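Me: I've got a model open and I keep meeting labels I'd like to see justified. Can you walk me through the reasoning behind them?

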Amino acid sequence: MFGRLAAKQVPNKEYAVVPGKVNPDLQRERKKCTFDTLELTHFLDGGVEKYKDRKERENFFLSDPELMDDVPPELMSHEDQYRNGLKKACYLFKKLKELRENGGTIDNYRQLLGGSLGSAILKDGNPLALHYVMFIPTLMGQGTPDQCAYWIEKAWDCRVIGTYAQTELGHGTFIRGLETTATYNPKTQQFFLNSPTLTSYKWWPGGLGQTANYAVVVAQLYTKGECHGIHPFIVQLRDEKTHRPMPGVIVGEIGPKLGMNATNNGFLAFKQVPIPRNQMLMKNAQVLPDGTYVKSPSNKLTYGTMMFVRVVIVQDMASYLAKAVTIAVRYSAVRRQSEMVPGQSEPQIMDYLTQMYKLFPYIATVYALKFSAQWLWNMYNDVTAKIDAGDLELLPELHSIACCLKAVSTADTATAIETCRLSCGGHGYMACSNLPTTYGNVTAASTYEGENTVMLLQTARALMKAYAKAQAGEQLSPTVEYLNRNRKFRPWSNTVDSIVEGFKQIAAGKVAACALSLQRGVESGLSSEEAWNRASVQLVDAAEAHCRAFITDRHLDMVRNGMNELSPALREVMAQLCDLYCVFWALKRTGDFLQFCGIRGEDVQNLQDYQNELLVQIRPNAVGLVDSFDLRDEIIGSALGSYDGQVYERLLQSAMLSPLNAKPVHDSYGASLSALLRAKY
Ligand SMILES: CCCCCCCCCCCCCC(=O)SCCNC(=O)CCNC(=O)[C@H](O)C(C)(C)COP(=O)(O)OP(=O)(O)OC[C@H]1O[C@@H](n2cnc3c(N)ncnc32)[C@H](O)[C@@H]1OP(=O)(O)O
Ligand SMILES: Cc1cc2nc3c(=O)[nH]c(=O)nc-3n(C[C@H](O)[C@H](O)[C@H](O)COP(=O)(O)OP(=O)(O)OC[C@H]3O[C@@H](n4cnc5c(N)ncnc54)[C@H](O)[C@@H]3O)c2cc1C
């Protein structure tokens with residue numbers, strides 16, 4: 001990946017990357033592994049056939065030089081990052097078509113987005129991502145059969161390229177407060193899109209700047225002089241031939257960001273732009289030709305695409321984390337520093353227990369997130385099938401669990417990636433480690449698709465309702481079943497089962513404490529909204545505890561019931577990782593365990609001892625575990641994390657890519673430095 005330019009420029013030939021040469025420390029690590037890494041890779045892929053498909057797919061895309069960067073995006077201008085991203089995104093689309101026509105196995109463009117294959121090809125974002133992740137899903141989820149028949153094929157073939165334009169300068173979270181209007185005129189049978197204020201400018205949509213020629217625009221619907229709240233409309237933004245903005249459309253790009261700089265996020269405003277009536281997406285609510293409004297069975301169905309993306313984000317976080325932890329673990333096997341015993345040779349930094357503590361819980365987190373993501377994806381499919389059949393009963397449950405999993409998975413992954421960066425010392429701070437870019441991509445997810453605090457408060461709202469039901473002795477849905485007031489919690493027993501049980505007990509205790517705070521607030525004369533705001537720090541905490549209880553429960557359930565076909569050697573390692581995830585979080589939450597689970601000081605010491613024991617047990621398998629993620633070097637994209645461990649060679653090679661090293665004396669010497677050096681002050 002850093003290959004072509006660099007080979008010529010490395011100052012000293014013997015320090016060049018040597019193909020096929022593997023760092024001896026990494027070789028030794030691989031020999032130590034106690035399980036079959038391929039067996040684990042097959043398990044992660046979901047079977048041998050899926051493994052083969054993935055390998056074939058990766059080979060098809062990643063062995064194509066057109067899709068690899070000669071120059072890393074961080075050395076490009078903002079404009080060139082976009083140019084490069086768009087060129088590759090378009091080429092990728094052509095390749096995808098070619099693959100399909102040859103009976104290839106890719107069934108979903110989504111596989112080319114996000115943390116794994118996607119971030120190898122388009123490291124700093126894809127200007128077509130929103131087209132696939134939100135524009136097409138909105139057409140599919142919110143269009144009538146006629147609308148789907150007309151638009152979806154065009155969209156799949158990229159004859160129209162769309163985005164999802166919801167957020168405005170003034171409002172992202174509170175979408176009921178959006179100001180863009182779509183006013184129906186029965187005489188012309190058109191909606192007129194208008195942006196009445198500066199704060200109503202759409203702001204953020206990916207691909208909106210210069211890429212998309214259409215958008216799903218979320219706007220306040222007015223008909224017969226009445227506002228019916230926000231609804232989705234398909235709006236043409238640019239001429240299909242010239243790509244110039246349509247009359248009355250003001251559109252542009254919002255500028256450089258912390259990361260995702262090729263995604264072409266944009267702004268958009270309308271000056272009374274007309275669209276035909278049939279471009280309101282009308283699967284749920286409708287406007288009849290005479291302007292009569294027909295209500296949706298639930299106004300929350302308009303929020304369906306956001307729900308879908310929240311669900312896929314959880315999976316995406318696991319992919320990004322697998323990549324970051326692979327980089328940090330391989331580097332920690334190669335890097336030697338300090339003396340553990342005076343006079344002895346410098347150990348691999350992974351031999352320090354503090355280093356194991358920085359990394360191994362995050363190997364475990366990949367599995368914790370994957371298992372939760374799998375469960376959530378299945379639930380999403382079940383619930384959407386039921387909704388299509390008119391049954392909306394499980395929608396609130398799905399919303400509640402998707403919101404907290406989105407928030408916790410993105411927050412944990414961002415912390416984990418920053419920890420991986422820190423664990424690589426100074427070299428982790430280099431762009432060529434790929435940890436800064438990976439962090440930039442991941443931290444965005446704490447904000448987009450529902451800001452994390454706001455998401456946890458949505459879950460908290462559902463928890464308060466569930467608690468009230470539990471108190472009334474009513475039946476509870478599966479994810480909150482532990483709130484059942486008759487449920488007997490098992491006493492503490494220094495086992496992982498006890499920790500998982502403990503998390504439920506903590507969540508139940510926190511939920512009850514929130515209910516009490518709300519009740520006290522109201523009794524003290526606050527309105528229910530004021531009481532909610534006063535309790536909101538506690539409410540966010542309760543929602544997080546609920547989510548942690550869910551994740552640990554899922555993880556343990558998978559280890560106990562979902563791995564029967566694995567070899568005993570592998571099952572043992574999987575159980576160690578699950579235990580580590582649980583103990584790690586129990587120790588981070590000792591205050592909660594002391595408060596709600598009746599544990600004592602010596603129990604905390606036992607947990608600490610057990611955590612140390614697990615870290616030491618996992619140590620010989622650390623490299624094997626990250627190798628099992630089976631991420632090609634192009635996906636890793638890091639000087640520190642490649643399979644061969646030629647870390648220093650790659651660091652030097654990537655430094656030589658800097659344009660500052662092109663000449664022995666840089667132009668800026670003559671322009672400014674020479675005068676300074678010669679000046680007499
Ligand atoms: C591999 C794949 C790669 C993927 C890569 C990804 C790349 C992506 C690139 C980046 C892409 C980034 C793209 C982007 O960022 S696109 C923009 C994303 N924007 C947001 O996510 C906005 C966040 N805000 C909201 O969702 C709403 O306004 C909230 C929810 C905050 C409040 O809303 P509202 O003010 O209306 O509601 P309420 O608080 O009065 O509550 C009212 C009731 O409604 C229920 N309720 C609320 N919502 C839902 C729901 N959805 N289903 C079912 N029910 C729902 C709720 O429980 C409550 O129920 P009840 O208590 O009354 O019974
Ligand atoms: C990289 C990126 C890509 C994006 N892509 C798109 C896109 O394609 N399409 C699109 O439409 N949008 C997109 N967005 C916008 C994104 O969805 C919003 O930024 C997000 O929903 C948060 O809204 P906001 O920016 O208005 O934050 P705000 O809501 O203003 O949040 C600011 C602070 O206020 C707090 N806050 C707000 N409301 C409450 C509350 N009720 N209770 C407690 N605290 C509250 C938040 O917790 C936060 O701390 C993107 C954003 C990013 C960063």
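Me: How do you know that strand β7 and β8 pair, and in which sense?

Reply: Bear in mind that this is a predicted model. Pairing takes at least two bridges between the strands. Strand β7 (residues 249-253) and β8 have 5 bridges, so they count as paired, and the sense is antiparallel. You can pick out partners by eye: Val251 sits opposite Leu268 of β8, and Glu253 has Gly266 in β8 as its bridge partner.

Me: What makes β4 a partner of β8?

Reply: The bar is at least two bridges. Strand β4 (residues 202-203) is joined to β8 by 2 bridges, so the pair qualifies, and these strands run antiparallel. Look for Lys202, which stands opposite Leu268 in β8.

Me: What is the order of the strands in that open sheet, and why are some called edge strands?

Reply: The open sheet has 3 strands in the order β4-β8-β7, with antiparallel pairing. β4 and β7 are the edge strands, as each pairs on one side only.

Me: Why is β8 described as largely enclosed?

Reply: A residue is called buried when 20 or more other C-beta atoms lie within 10 Å of its own. In β8 (residues 266-270), 5 of the 5 residues are buried, so the strand is largely enclosed by the rest of the structure. Both faces are covered by that statement: Gly266, Leu268 and Phe270 point one way, Phe267 and Ala269 point the other way, and all are buried.

Me: Where is the "active site" feature, and how do you know?

Reply: That label comes from the record: UniProt, in an unreviewed entry, places "active site" at Glu449. An annotation of this kind may be inferred rather than shown by experiment. In the model, Glu449 is in the loop between α12 (435-444) and α13.

Me: Is Glu449 buried or exposed, and what makes it so?

Reply: Just count neighbours. Glu449 has 23 other C-beta atoms within 10 Å, and the cut-off for buried is 20 or more. Therefore Glu449 is buried. Leaving out residues up to four places away in sequence, Glu449 touches Met306, Val309, Arg310, Ile313 and Lys406.

Me: And Pro659, buried or exposed?

Reply: Same kind of count. Exposed means 12 or fewer C-beta neighbours; Pro659 has 9 inside 10 Å, so it counts as exposed. You'll find Pro659 in the loop between α21 (647-655) and α22 (667-678). If you want a distance to check, Pro659 and Ala149 are 50 Å apart, C-alpha to C-alpha, and 510 residues apart in sequence.

Me: Why is ligand 1 said to lie between the domains?

Reply: The shell around ligand 1 takes residues from both domain 1 (132-296) and domain 2 (305-480 + 489-626), so the ligand lies between them. A residue joins that shell if its C-beta atom lies within 6 Å. The shell has 31 residues, the closest being Gly114, Tyr303, His399, Tyr448 and Gly450. Helices α7 (129-142), α9 (304-334), α11 (395-423) and α13 (452-471) each supply at least two residues, and α9 gives the most, with 7. By class, the ligand 1 shell has 16 nonpolar, 9 polar and 6 charged residues.

Me: What about ligand 2: where does it lie, and why do you say so?

Reply: The argument rests on who gives residues to the shell. Domain 1 and domain 2 both do, so ligand 2 lies between them. Its shell has 22 residues, with Gln166, Thr167, Gly172, Thr173 and Thr453 the closest. β1 (164-165) and α13 are the elements giving two or more residues, and α13 has the largest share, 3 residues. The class split for ligand 2 is 10 nonpolar, 10 polar and 2 charged.

Me: How far apart are the centres of domain 1 and domain 2, and how many residues does the contact take from each?

Reply: Their C-alpha centres lie 36 Å apart. The contact takes 10 residues from domain 1 and 9 residues from domain 2; a contact here means C-beta atoms within 7 Å. On the domain 1 side, α7 gives the largest share, 5 residues. That side divides into 6 nonpolar, 4 polar and no charged residues.

Notes. Residues are numbered from 1 along each chain as its sequence is written. Chains are lettered from A and ligands numbered from 1 in the order in which they are written. This is a predicted model: local features need pLDDT of at least 70, side-chain atom pairs count only at pLDDT 80 or more; totals for chains, interfaces and linings use all residues. Helices (H or I, at least four residues) and strands (E, at least two) are DSSP runs, numbered from the N terminus. Ala, Val, Leu, Ile, Met, Phe, Trp, Tyr, Cys and Pro count as nonpolar, Asp, Glu, Lys and Arg as charged, and the others, Gly among them, as polar. Domain bounds come from an automatic or database domain assignment. Two residues are in contact if their C-beta atoms, placed from the backbone, lie within 7 Å.
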